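Here are a few exercises to work through with the model open beside you. Try each task before reading its solution.

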Amino acid sequence: MDWDSGLYDQKHAFVAEYGKELLSYVPDNLEQAILDVGCGSGTLTVQLAKLGARVVGVDSSEEMIARAKNILPEAEFCICDALNMPFTAEFDVIFSNAVFHWIKDHDALLKAIYRAMRDNGKLICEFGGSRNIAKIEAAFACAYAETGRDYHSEFNFPEVKTFSGLLEKNGFKIELIYDFDRPTPLSDGKMGLRNWLRQFFASELQVVSGAELEYILRKVEGLTRHELWNGHEWRADYRRLRAIACK
Ligand SMILES: C[S@@+](CC[C@H](N)C(=O)[O-])C[C@H]1O[C@@H](n2cnc3c(N)ncnc32)[C@H](O)[C@@H]1O
């Protein structure tokens, strides 16, 4: 999927804002090396840079990395897929916020992370868990079908049990893992849900023309309004999975 880093920073700053809570799990050790997997435009990488001696951000989006380099020129950044990271036993902390649900193969992902990590290193991650955005996805599938298209979710929102099993299978010791509802206010009042759809369903919407696009956006708004609109803002039905695990 193509990421619009400008739209992301303007309208979806809440993603990194929520991620700040995750930073509290990063050990207090200014000597440590930290890898930010799927660093995006670098908002949290900037915070991580204050918590370690070496900070590296990787992201598959060239546009996101360009923006991240701009705000943190002194850090190392690498455009690469999380499944193909060129690191072996280099990091004490591997951090990731709001990324793993974009990656289909969590087994391969955890292998790549394990390889990049030093012994006793720590994985600190949060992403969409099972039933994340279930109401929005159901409404989107319905609206998309009405324009003659099938929606196949590209997201990977695992159950805690599934992700725990993969962590253990790949040699991690789990310190903490749970999922939780986090209804998430979308910025920009009544435009909030359509802005969100344009960013997060970009692959599906790029093949849709003007009038049809408007139809889909309106239909999704109509189908979800009674549950997700509170009169002044949209609240996305987010459900997150948070995990901390050691090598
Ligand atoms: C919602 S953004 C989160 C960015 C950042 N972590 C934050 O909290 O603001 C998701 C990011 O994951 C990146 N991403 C998605 N799939 C990826 C993959 N397979 N490898 C590396 N990065 C990926 C996207 O390019 C995007 O920048």
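Two strands count as paired if DSSP finds at least two bridges between them. Keep in mind that this model is predicted.

**Exercise 1.** Follow the bridges through I124: what is its bridge partner in β9?

*Solution.* Start in strand β4 (residues 91-97), where F95 has I124 of β5 as its bridge partner. Now step on to strand β9: there, I124 is partnered by I244. Next, look at the strands themselves. β4 and β5 run parallel and are joined by 6 bridges, whereas β5 and β9 (residues 239-246) run antiparallel, with 7 bridges between them.

**Exercise 2.** Work out which handedness the β-α-β unit of β4, helix α5 and β5 has.

*Solution.* Trace the path from β4 over α5 (residues 106-116) to β5: the unit is right-handed. Then check the surroundings of β5 (residues 117-128). Buried means under 20% relative accessible area. By that cut-off, 9 of the 12 residues of β5 are buried, so the strand is largely enclosed by the rest of the structure.

**Exercise 3.** Describe how α8 and α10 are oriented to each other.

*Solution.* Two packed helices are described by the angle and the distance between their axes. The axes of α8 (residues 192-200) and α10 come within 10 Å and cross at roughly 125°. The two helices are therefore oblique to each other, and their crossing is right-handed. Finally, find the contacts: L193, R194, L197 and R198 in α8 meet residues of α10 including L213, L217 and V220.

**Exercise 4.** Is A211 buried or exposed?

*Solution.* Locate A211 in helix α10 (residues 210-228). Its relative accessible area is 65%. Exposed means over 50%, so A211 is exposed.

Notes:
Residues numbered from 1 in each chain as written. Predicted model: local features only at pLDDT ≥ 70, side-chain atom pairs only at ≥ 80, totals over all residues. Heavy atoms only, no water. Helix = DSSP H or I, 4+ residues; strand = E, 2+ residues; numbered from the N terminus. Buried < 20%, exposed > 50% of the residue type's maximum accessible area, 1.4 Å probe, protein only. Right-handed = clockwise from strand over helix to strand, strands pointing away. Axes fitted to C-alpha atoms, helices over the stretch in contact; angles between N-to-C directions. Parallel < 35°, antiparallel > 145°, perpendicular 65-115°, else oblique. Left-handed = near helix turned anticlockwise from the far one by under 90°. Contact = heavy atoms within 4.5 Å.
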